[in-house]
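Here's a protein chain to look over together. Take a moment to turn the picture around, then read on.

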Amino acid sequence: AFAGGFISRAEMDLTKFISEKVSQEYHFYKIFFTEDFATWYINDRLRAFAIFADGDNRDSKILYDDHPYVVSLVRDRPSAKLGVLLDIDAGDISKTYIWDKIHPWSLRVSETYEKPMIYIDLYQSNSDLKIVGQEIMKRIYSAPFPGVFDYIKISFKTSGEGVLTVEEYDDEWSEYDKIKIRSNVKNNIYIDKKRSLLYRVLYEPYNTGVIKEAHVIMK
């Protein structure tokens with residue numbers, strides 16, 4: 001997945017998110033593009049997120065490169081008319097490929113919405129495992145999620161008790177907010193106006209409990 005302008009671009013390798021039988025199996029790819037960010041989906045799963053910004057130094061870098069998705073920062077904002085956002089080599093590139101009845105990649109680029117709402121389930125850091133439904137006995141970090149939105153709501157509920165810490169990242173991780181979690185009580189934490197590049201959640205249980213709700217809504 002590529003994002004950026006002429007001077008600099010982020011190149012995110014998404015190969016780890018597909019099987020080795022990519023040439024024999026059917027896969028669905030989707031790209032969602034706005035003026036502030038772009039997202040890439042493979043088989044209906046969010047696999048890459050690029051944050052667009054402007055700056056005196058027009059560079060790009062990868063902020064998080066693991067499961068369940070890759071997050072990058074681009075300080076050379078791409079044109080809205082950019083035609084190539086995904087590069088796929090699914091077969092023997094030395095041979096000419098003839099499309100048979102249907103486009104083999106099923107690539108779709110969605111239209112831009114002025115104020116899109118993004119709903120992301122919280123996943124365990126460096127994992128494709130959702131936090132919700134897990135029985136938690138020790139501290140657990142979520143995978144980071146972008147903080148480029150004006151409105152961010154984190155929802156969290158568990159059958160146990162503990163402490164939930166929201167951390168923010170610019171050049172290093174630091175504490176943003178901390179709340180005590182009571183059993184079977186839904187907690188909503190709002191991040192409004194004060195924006196960092198990334199946020200993540202740290203949950204430290206007092207006792208064993210099952211996570212009943214763990215997601216982020218961003219707009």
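Let's start with one particular residue. Asn-184 counts as partly exposed because its relative accessibility is 39%, which falls between the 20% cut-off for buried and the 50% cut-off for exposed. If you want to find Asn-184, look in the loop that links β15 (173–181) with β16 (187–192). Its backbone is worth a glance too: Asn-184 isn't a glycine, yet its phi is positive, at about 60°. Keep in mind that what you're looking at is a predicted model.

Asn-184 has company. Asp-44 isn't a glycine either, and its phi is positive as well, at about 65°. You'll find Asp-44 in the loop between β4 (37–42) and β5 (45–52). Is Asp-44 buried or exposed? Its relative accessibility is 62%, so Asp-44 counts as exposed, the cut-off for that being over 50%.

Here are the two residues side by side:

| Residue | Phi | Relative accessibility |
|---|---|---|
| Asp-44 | about 65° | 62% |
| Asn-184 | about 60° | 39% |

There's another backbone detail to hunt for, this time in a peptide bond. Which two residues are joined by a cis peptide bond? They are His-67 and Pro-68, and omega there is about 10°. Pro-68 sits in a loop as well, the one between β6 (60–65) and β7 (70–74).

Now for some strands. β3 covers residues 29–33, and 4 of its 5 residues are buried, so this strand is mostly covered. β3 runs antiparallel to β4, and 5 bridges join the pair. One bridge to look for is the one from Ile-31 to its partner in β4, Trp-40. How many residues lie between β3 and β4 in their hairpin? There are 3. If you carry on past the end of β4, you come to the loop that holds Asp-44.

Finally, let's zoom out to the whole chain. How many helices and strands does it have? The count is 0 helices and 18 strands. The chain has 219 residues, and 45% of them are buried. Contacts often link parts that lie far along the sequence from each other: among those between residues at least 6 apart, 65% join residues at least 24 apart. As for the outside, the chain exposes about 12,600 Å², with carbon and sulfur atoms supplying 47% of that area.

Terms used: Residues are numbered from 1 along each chain as its sequence is written. This is a predicted model: local features need pLDDT of at least 70, side-chain atom pairs count only at pLDDT 80 or more; totals for chains, interfaces and linings use all residues. Side-chain values use heavy atoms; hydrogens and water are left out. Helices (H or I, at least four residues) and strands (E, at least two) are DSSP runs, numbered from the N terminus. Buried means under 20% relative accessible area, exposed over 50%, partly exposed in between (1.4 Å probe, protein chains only). Contact means heavy atoms within 4.5 Å. Accessible areas come from the Shrake-Rupley method with a 1.4 Å probe; for residues, only the protein chains shown count as cover. Two strands pair if DSSP finds at least two bridges between them.
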